[in-house]
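Here are my notes on the model you sent round. They are in numbered points, so reply to whichever you like.

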Amino acid sequence: PNTGRDLRMLIAAWRRGDLGQIERDVLIPTQQQDPRSYQRLFVARNELWVPQLMRLLGNTQREMVLVGTGHLAGPHGLIHLLQANGLQVTPVEVSHD
């Protein structure tokens, strides 16, 4: 594998907001190659974070949460889990200049 190229592609997908690409490039291979690590690193960790995030985000103010890219995508990702708990999740567009 070309780690430098792979990292550049991951960053480009993140900048485009392409969660499907992140899921295909990071989550699915991890889940297939090492299901136990996938469960611990992504699924279990995200499930532990959701109650904490719900408390943090349970107000009328705008909040920003920063996590690693792999924690956002997929059916076990924080975006899906927070939306399933009734929160509106909105990506923030930033300039890449």
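**Notes on the predicted model**

1. **The loop histidine.** H71 sits in the loop between α3 and α4. The model is a predicted one. Buried or exposed: which is H71? H71 counts as buried, because its relative accessibility is 9% and the cut-off for buried is under 20%. Leaving out residues up to four places away in sequence, H71 touches L41, F42, R45, N46, W49, G77 and L78. Several of these partners come back below.

2. **Overall layout.** The protein has four helices and zero strands. From the N terminus, the order of elements is α-α-α-α. The C-alpha atoms fill a box of roughly 45 × 40 × 15 Å along the principal axes. Of the 97 residues, 19% count as buried. Take the contacts with a separation of 6 or more: residues 24 or more positions apart account for 56% of them.

3. **N46.** This residue belongs to helix α3, which spans residues 35–57. N46 is buried, since its relative accessible area is 1% and the limit is under 20%. Which residues does N46 touch, not counting those up to four places away in sequence? They are H71, H76, G77, L78 and L81. H71 has N46 on its own contact list too.

4. **W49.** W49 is also a residue of helix α3. W49 is partly exposed, because its relative accessible area is 27% and the partly exposed class runs between 20% and 50%. Setting aside neighbours within four places in sequence, W49 is in contact with V67, H71 and L78. The C-alpha atoms of W49 and L82 are separated by 9.9 Å, with their positions 33 residues apart along the chain.

5. **The largest nonpolar core.** Which residues form the largest nonpolar core? It has seven: A13, I22, L27, Y38, F42, V43 and A73. Both α2 and α3 supply at least two residues of this core. The largest share, three residues, comes from α3. As background, nonpolar side chains tend to be buried together in soluble globular proteins.

6. **F42 and the other core.** F42, a member of that largest core, touches V26, L27, T30, S37, G70 and H71, not counting residues up to four places away in sequence. Apart from the largest core lies another, of six residues, among them V50, L53, L78 and L81. Two residues of that other core, L78 and L81, are also touched by N46. L78 is touched by H71 as well.

7. **L10.** L10 is found in helix α1. L10 counts as partly exposed, because its relative accessibility is 23% and buried requires under 20%. Outside the residues up to four places away in sequence, L10 touches I22, V26 and T69. I22 is one of the residues of the largest nonpolar core. V26 is also touched by F42. How far apart are the C-alpha atoms of L10 and T69? They are separated by 8.8 Å, while the two residues are 59 apart along the chain.

8. **Q21.** Q21 lies in helix α2, residues 19–33. The side chain of Q21 makes a polar contact with the side chain of R24, at 3.0 Å. Beyond neighbours within four places in sequence, Q21 is in contact with A13 and R16. A13 is one of the residues of the largest nonpolar core. Q21 and V89 are 68 residues apart in sequence and 19 Å apart in space, C-alpha to C-alpha.

9. **The largest pocket.** Its volume is about 1,300 Å³. How many residues line the largest pocket? The lining has 31 residues, and V65, V89, T90, P91 and V92 lie nearest the centre. By class, the lining has 18 nonpolar, eight polar and five charged residues. The helices α1 (3–16), α2, α3 and α4 (78–84) each supply at least two lining residues. The largest share, four residues, comes from α4.

Technical notes
Residues numbered from 1 in each chain as written. Predicted model: local features only at pLDDT ≥ 70, side-chain atom pairs only at ≥ 80, totals over all residues. Heavy atoms only, no water. Contact = heavy atoms within 4.5 Å. Polar contact = N/O pair within 3.5 Å; in protein donor to acceptor, adjacent residues only side chain to side chain. Buried < 20%, exposed > 50% of the residue type's maximum accessible area, 1.4 Å probe, protein only. Core = buried A, V, L, I, M, F, W, Y, C linked by side-chain atoms within 4.5 Å. 1 Å grid on protein atoms, 1.4 Å probe; cavity = no way out; pocket = protein on both sides within 12 Å on 5 of 7 lines; lining within 4 Å. Points joined across faces, edges and corners; volume = space filled by probe spheres on them. Nonpolar A, V, L, I, M, F, W, Y, C, P; charged D, E, K, R; others polar.
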